[in-house]
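User: Hi, could you walk me through this one? I'm new to reading structures, so please go slowly.

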Amino acid sequence: MRPETVIIVGAGPAGIRAAMVLAEHGIRPVVLDEAPMSGGQIFRRQPQGFTRSYAKLYGYEARRAEALHTAFDALGPRIDYRPGALVWNVEGRRLQVLRDGVNETLAFDRLLFATGAMDRVIPFPGWTTPGVYTLGGAQVALKHQACAIGRRVVFFGSSPLLPLVALQYAAAGVAVAGVFDTTPRRAKIAALPGVLAGGTTGLKGLSYLARLALKGIRYHHGITPVAAIGDRTVTGFAYLDAGGRQHETACDAVAFGYGIKSEWQLADLAGCRFAFDADTHQWRVETDAEGRSSVEGIYLAGDGARIAGADVAAETGERAARAILADTGGPDQGAALSTIARRLARHAGLRQAIDRAFPFPAHLAREIPDDCILCRCEAVRAGEFRAAIAALGPDEVNRAKAFSRVGMGRCQGRVCGPAAAEILATELGRPVSEAGRLRSQPPVKPIPIAAFQESKGDAA
Amino acid sequence: MTEPRFMRVGETSRPVIRLAIDGDPVEALAGDTLMTAILTRRGQLRMSEFGDGARAGFCLMGACQDCWVRLGDRRRLRACTTFAAEGMEVLTGAEEGIDAP
């Protein structure tokens with residue numbers, strides 16, 4: 001028996017590999033991707049008419065990026081690829097999809113979420129000032145638009161992206177005012193054996209540090225961000241060094257981030273069960289060893305399932321596709337699944353070392369000053385959030401959201417959610433895993449009402 | 001108005017397109033997002049609806065929703081995920097009674 005309709009949401013490394021495996025086995029999946037071009041974020045393609053080479057765009061990852069793009073393009077009519085498609089709701093066995101301004105209802109039998117991730121941030125004073133971006137955003141500007149976010153840029157946070165994006169900016173000829181890591185040097189040293197044991201991927205990461213040093217760019221350890229300075233535009237970055245002394249570095253842009261977080265809103269709407277992942281310090285969708293969620297027929301892969309980077313994403317994309325094949329009466333996938341499991345096991349040690357080298361500094365969220373904006377959608381300050389908690393006594397984040405509007409803006413708490421949960425947990429005197437998880441709401445991103453005039457009369 | 005925020009570091013031989021930002025005619029390059037078209041001209045993208053000042057986008061991947069602008073026909077668009085096109089009339093917030101950045 002063959003599945004009637006398999007839909008893959010997301011065309012990054014996980015979604016692409018899954019589509020390839022399904023196509024090899026004679027299944028023609030529908031591939032819905034919000035972006036106009038496949039590749040996802042880390043292997044995001046530049047628009048048509050741009051001419052930079054793969055080597056220039058992706059550095060060490062050039063061959064991998066090119067192979068991924070080429071493989072996807074070669075699928076051609078063997079998949080039903082629909083770029084520019086925003087999946088904004090899941091109801092039972094149906095997706096609501098907005099594409100070219102028109103809403104469409106798509107039924108599925110099997111559904112794979114390969115929805116990727118976004119930057120995880122912790123608000124700090126001045127973070128809404130023009131010129132402050134996420135690390136991933138700074139990278140997108142460079143890769144996708146051949147633009148720098150400023151002329152003299154500070155990079156800070158705790159993220160594998162930190163040395164990488166700083167180096168990419170330096171290589172593009174942009175002045176890097178400094179790289180500031182919130183993780184103490186001793187934690188980096190403790191993670192070193194695991195990184196070294198991680199083979200070429202680990203060595204590549206270390207080489208970023210060496211190349212920054214060769215360019216004369218200082219990598220500071222154990223800093224505490226104080227503020228992005230400036231009124232209508234960023235003019236400096238204030239921080240405490242590892243010894244607690246305050247400094248200020250002149251810059252006209254700041255890029256920061258604390259790793260990445262899964263985009264799991266659709267899996268939430270589908271009713272999938274969640275678990276708190278201690279290693280990455282965030283909620284993730286529960287899956288079995290082959291990517292099956294708690295909801296029959298719904299699978300997850302890639303960073304949308306658990307943060308682990310592009311290599312692992314491709315492996316878990318293949319794994320989920322093979323699980324789909326096995327679950328629909330296809331040929332036995334046992335041998336292939338064992339091979340994937342062995343490859344993933346090799347990644348696991350490095351992944352753990354990276355999580356240790358770039359830990360999430362939850363204390364920075366707890367210490368956000370009262371007058372600092374927490375929710376950038378609606379400009380709600382941390383003090384207003386704390387006051388609402390003190391006055392009304394919410395015992396989990398969704399109640400706290402109702403009382404404060406933190407997490408109720410256009411981004412649905414994607415940006416402020418992690419920090420808000422830390423603050424609430426602190427006020428409740430509980431671990432953050434017991435402060436709850438912001439529920440997702442359809443539409444998962446803002447959509448125009450006009451789309452529904454077009455869809456009138458659709459069979460529901 | 002502050003200095004332009006984004007700095008082009010390459011890919012500058014693309015065809016020129018013309019659009020208007022808050023009525024000002026500007027040139028951009030084919031393949032620019034609206035965000036790039038605006039921020040290679042200006043320091044800010046839009047005003048926060050909550051009175052806390054100007055914004056210039058944040059995540060650049062369609063997640064944070066902090067770069068919404070409007071077209072002349074009042075359609076709302078995310079500046080980071082929408083390509084600029086010849087003849088577009090982009091409004092950054094002035095028409096809502098909020099000061100343009």
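User: Let's start with strand E7 of chain A: which of its residues are buried on its two sides?

Analyst: Bear in mind that this is a predicted model. In strand E7 of chain A, which covers residues 110-113, both faces are covered: A:Arg110 and A:Leu112 are buried on one side, and A:Leu111 and A:Phe113 are buried on the other. As a general point, side chains in a regular strand alternate between the two faces of the sheet.

User: And which sheet does E7 of chain A sit in?

Analyst: E7 belongs to an open sheet of five strands in chain A, ordered E3-E2-E1-E7-E21, and the pairing is parallel. Strand E3 (80-83) and E21 of chain A stand at the edges with a single partner strand each, so one side of each has no neighbour in the sheet. From one strand to the next, the twist averages 15 degrees.

User: How many bridges hold E7 of chain A to E1 of chain A, and how many to E21 of chain A?

Analyst: Strand E1 (residues 6-9) of chain A is joined to E7(A) by four bridges, and the two run parallel. On E21(A), which covers residues 298-300, E7(A) pairs over three bridges, again in the parallel sense.

User: Which residues are partners there?

Analyst: Between E1(A) and E7(A), A:Ile8 has A:Leu112 as its bridge partner, and A:Val9 has A:Phe113. A:Leu112 also has a bridge partner in E21(A), namely A:Tyr299.

User: Which helices lie on that sheet?

Analyst: Helix H1 (residues 13-24) of chain A lies across E1, strand E2 (30-33) and E7 of chain A, and runs at about 160 degrees to E1(A). Helix H9 (residues 310-327) of chain A also packs on the sheet, where it touches E1, E7 and E21 of chain A, and its direction makes about 155 degrees with that of E21(A).

User: Switching topic, what about the sheet with E4, E5 and E6 of chain A?

Analyst: That is an open sheet of three strands in chain A, in the order E4-E5-E6, with antiparallel pairing. Strand E4 (85-91) and strand E6 (102-107) of chain A are at its edges, and each has a single partner strand, so one side of each is left without a neighbour in the sheet. On average, and ignoring direction, neighbouring strands of this sheet are turned by 25 degrees against each other. E4(A) pairs with strand E5 (residues 94-99) of chain A over six bridges in the antiparallel sense, and one of the partner pairs is A:Leu86 with A:Leu98.

User: Now A:Pro123: why does it count as buried?

Analyst: A:Pro123 counts as buried because 24 other C-beta atoms lie within 10 Å, and the cut-off for a buried residue is 20 or more. A:Pro123 is placed in the loop between strand E8 (117-119) and strand E9 (132-134) of chain A.

User: What does A:Pro123 touch?

Analyst: Leaving out residues up to four places away in sequence, A:Pro123 touches A:Ile368, A:Cys372, A:Ile373, A:Leu374, A:Cys416 and A:Ala419.

User: Last one: how many residues does each chain put into the contact between chains A and B?

Analyst: Chain B gives 33 residues to the contact and chain A gives 42. On the chain B side, strand E1 (7-8) and strand E5 (54-55) of chain B are the elements that give two or more residues, and by class that side has 13 nonpolar, eleven polar and nine charged residues. Strand E10 (residues 147-148) of chain A is also joined to E1(B) by two bridges, running antiparallel, with B:Met7 as the bridge partner of A:Ala148.

Key: Residues are numbered from 1 along each chain as its sequence is written. Chains are lettered from A and ligands numbered from 1 in the order in which they are written. This is a predicted model: local features need pLDDT of at least 70, side-chain atom pairs count only at pLDDT 80 or more; totals for chains, interfaces and linings use all residues. A residue is buried if 20 or more other C-beta atoms lie within 10 Å of its own, exposed if 12 or fewer, and partly exposed in between; C-beta atoms are placed from the backbone. Two strands pair if DSSP finds at least two bridges between them. Two residues are in contact if their C-beta atoms, placed from the backbone, lie within 7 Å. Axes are lines fitted to C-alpha atoms, for helices over the stretch in contact, and angles run from 0 to 180 degrees between N-to-C directions. Ala, Val, Leu, Ile, Met, Phe, Trp, Tyr, Cys and Pro count as nonpolar, Asp, Glu, Lys and Arg as charged, and the others, Gly among them, as polar.
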